[in-house]
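Student: Got a minute to go through a fold with me? Let me put it up.
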Amino acid sequence: MLSDKDGLSEGMILKSRVPHVCGSNLWTIIYLGSDIVLRCNNCSTVVMVPRKKLFRKFRKI
Ligand SMILES: [Zn+2]
């Protein structure tokens, strides 16, 4: 799997520092750009996070 300069790749699972409202804190990266698009593994909600803020909200597992 190719990873980008931040060590991220599409399909990678990240953990949010604060759980989603559905109770899960696991997310899958579905798009990598200057914004990162993630989908909640539990409820399939999609969120977009600026790359600069990603590691404030999510961490690698
Ligand atoms: Zn959720």
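Student: How many bridges join strand S1 to strand S2, and which way do they run?
Tutor: Three bridges join strand S1 (residues 13-16) to strand S2 (residues 26-32), and the two run antiparallel. Strands are DSSP runs of E with at least two residues, helices runs of H or I with at least four, numbered from the N terminus. Strands pair if DSSP finds at least two bridges between them.
Student: What is the bridge partner of Lys 15 in S2?
Tutor: Leu 26.
Student: And what kind of model is this?
Tutor: A predicted one: local features need pLDDT of at least 70, side-chain atom pairs count only at pLDDT 80 or more, and totals for chains, interfaces and linings use all residues. Numbering starts from 1 along each chain as its sequence is written.
Student: Which order do the strands take in the sheet?
Tutor: S4-S3-S2-S1-S5, an open sheet of five strands with antiparallel pairing. Strand S4 (46-50) and strand S5 (58-60) are the edges, each pairing on one side only.
Student: Where does the helix come along the sequence?
Tutor: The pattern is β-β-β-β-α-β. The chain has one helix and five strands.
Student: New topic. What is the radius of gyration of the chain?
Tutor: The chain has 11 Å, which agrees with the near 10 Å of a compact globule with 61 residues. The radius is taken over C-alpha atoms, and the globule rule is 2.2 Å times the number of residues to the power 0.38.
Student: What box do the C-alpha atoms fill?
Tutor: Roughly 30 × 20 × 20 Å, along the principal axes.
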